[in-house]
Amino acid sequence: MSAKTILYVEDNEFNLKIVRQLLSRTTYRLIEAVDGEQGVATALRDIPDLILMDIQLPKLSGLDATRQLRTDPKTAHIPIVVITSFALSGDSEKAKAAGASAYLAKPYSPRELLQMIRKLVPEN
Ligand SMILES: [Mg+2]
C-alpha cells in the first residue's frame with residue numbers, strides 16, 4: 001500500500017515544524033498549505049487521505065475552507081480535523097457545523113494529535 005497523505009493547512013511556522021517532526025517518524029506523507037484558499041486548492045488537486053485544518057487562517061478561514069471542501073464531491077469524503085483556538089470559545093461547535101470530522105483544541109500534545117490521526121486514517 002502507498003503512504004497515506006496528510007494535508008496540514010496552517011499559517012504558523014512553529015506549529016508546522018512540530019507536525020513535520022511528529023510525522024517524520026511515521027509513514028504518513030505530509031503536504032502543506034499556508035492559507036485557506038491554498039488549502040482548498042491543494043486538497044482538490046492532491047485529494048489527501050486526511051486534512052488537518054487550523055481555524056484562523058489568512059484569506060479564507062478554516063471553517064469556510066472546510067465548508068467548501070464538504071460541498072465538493074471530490075473532497076466531501078475526506079476526514080477533516082479542525083484545530084480550534086480555544087477550548088471554551090464555541091469553536092468546536094462551529095467546527096462540527098462546518099462539517100469537521102473531529103476537532104482538537106489548542107494547546108494539544110503531539111501525542112494526542114498522532115492518536116487522532118491514526119484513529120481516522122490508520123498508518124500502513
Ligand atoms: Mg492560524
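User: Let's start with one residue in this model: is aspartate 72 buried or exposed?
Analyst: Keep in mind that this is a predicted model. Aspartate 72 sits in the loop between α3 (62-71) and β4 (80-84). A residue with 12 or fewer other C-beta atoms within 10 Å is exposed. Aspartate 72 has 12 C-beta neighbours inside 10 Å, so it counts as exposed.

User: How many Å separate the C-alpha atoms of aspartate 72 and alanine 43?
Analyst: Alanine 43 is one of the buried residues of α2, while aspartate 72 is in the loop between α3 and β4. Along the chain the two are 29 residues apart, and their C-alpha atoms are separated by 11 Å.

User: Zooming out, in what order do the elements of the protein chain run from the N terminus on?
Analyst: The protein chain has five helices and five strands. Starting at the N terminus, the order is β-α-β-α-β-α-β-α-β-α.

User: How does the radius of gyration of the protein chain sit against the globule rule?
Analyst: For 124 residues the globule rule gives 14 Å, and the radius of gyration of the protein chain is close to that, so the chain is as compact as a globular protein of that length. The C-alpha trace spans about 35 × 30 × 25 Å along its principal axes. As for the radius of gyration itself, the value is 13 Å.

User: What share of the contacts with a separation of 6 or more comes from residues 24 or more positions apart?
Analyst: Here we're looking at pairs of residues in the protein chain that touch although they are 24 or more positions apart. Among the contacts with a separation of 6 or more, their share is 60%.

User: Which strand pairs with β1 over five bridges, and in which sense?
Analyst: Two facing pairs help you find it: leucine 7 is opposite isoleucine 31, and isoleucine 6 has leucine 30 as its bridge partner. Helix α1 (residues 13-24) joins in too, making a right-handed β-α-β unit with the two strands. β1 (residues 5-9) pairs over five bridges, in the parallel sense, with β2 (residues 29-33).

User: In β3, which residue does valine 9 stand opposite?
Analyst: β1 also pairs with β3, in the parallel sense over four bridges. Four of the five residues of β1 are buried, so β1 is largely enclosed by the rest of the structure. Opposite valine 9 in β3 stands methionine 53.

User: Which residues touch the most other members of the largest nonpolar core?
Analyst: This core has 28 residues. At least two residues each come from β1, α1, α2 (36-46), β3 (50-54), α3, β4, α4 (91-98) and β5 (102-105). Leucine 52 has contacts with Ile6, Tyr8, Val9, Val81 and Ile83, leaving aside neighbours within four places in sequence. The residues touching the most other core members are Val9, Leu52, Met53, Val81 and Val82.

User: Within what arc do the buried residues of α2 fall?
Analyst: The buried residues of α2 are Gly36, Gly39, Val40 and Ala43. They line one face of the helix, because seen down the axis of α2 they fall within an arc of 95 degrees.

User: And what do those buried residues of α2 pack against?
Analyst: An α-helix has 3.6 residues a turn, so residues three or four places apart point the same way. For Gly36, Gly39, Val40 and Ala43 in α2, the packing partners are β1, β2, β3 and α3.

User: What phi does isoleucine 47 take?
Analyst: Isoleucine 47 lies in the loop between α2 and β3, just after α2. With 13 C-beta neighbours inside 10 Å, it counts as partly exposed. Although isoleucine 47 is not a glycine, its phi is positive, at about 40 degrees.

User: How about lysine 59: what is its phi?
Analyst: Lysine 59 is in the loop between β3 and α3. It has 14 other C-beta atoms within 10 Å, so lysine 59 is partly exposed. It is not a glycine, yet it has a positive phi of about 70 degrees.

User: Which residues is proline 58 in contact with, leaving aside neighbours within four places in sequence?
Analyst: Proline 58 lies in the loop between β3 and α3. It counts as exposed because it has 11 C-beta neighbours inside 10 Å. Beyond its sequence neighbours within four places, proline 58 is in contact with Asp11 and Asp35.

User: Where is the omega near -5 degrees?
Analyst: Look at proline 107, in the loop between β5 and α5 (110-120). The peptide bond with that omega is cis, and runs from lysine 106 to proline 107.

Terms used
Residues numbered from 1 in each chain as written. Predicted model: local features only at pLDDT ≥ 70, side-chain atom pairs only at ≥ 80, totals over all residues. Rg over C-alpha atoms; globule rule 2.2 N^0.38 Å. Contact = placed C-beta atoms within 7 Å. Pairing = 2+ DSSP bridges. Right-handed = clockwise from strand over helix to strand, strands pointing away. Buried ≥ 20, exposed ≤ 12 C-beta atoms within 10 Å, placed from the backbone. Core = buried A, V, L, I, M, F, W, Y, C linked by C-beta atoms within 7 Å. Arc of directions from axis to C-beta.
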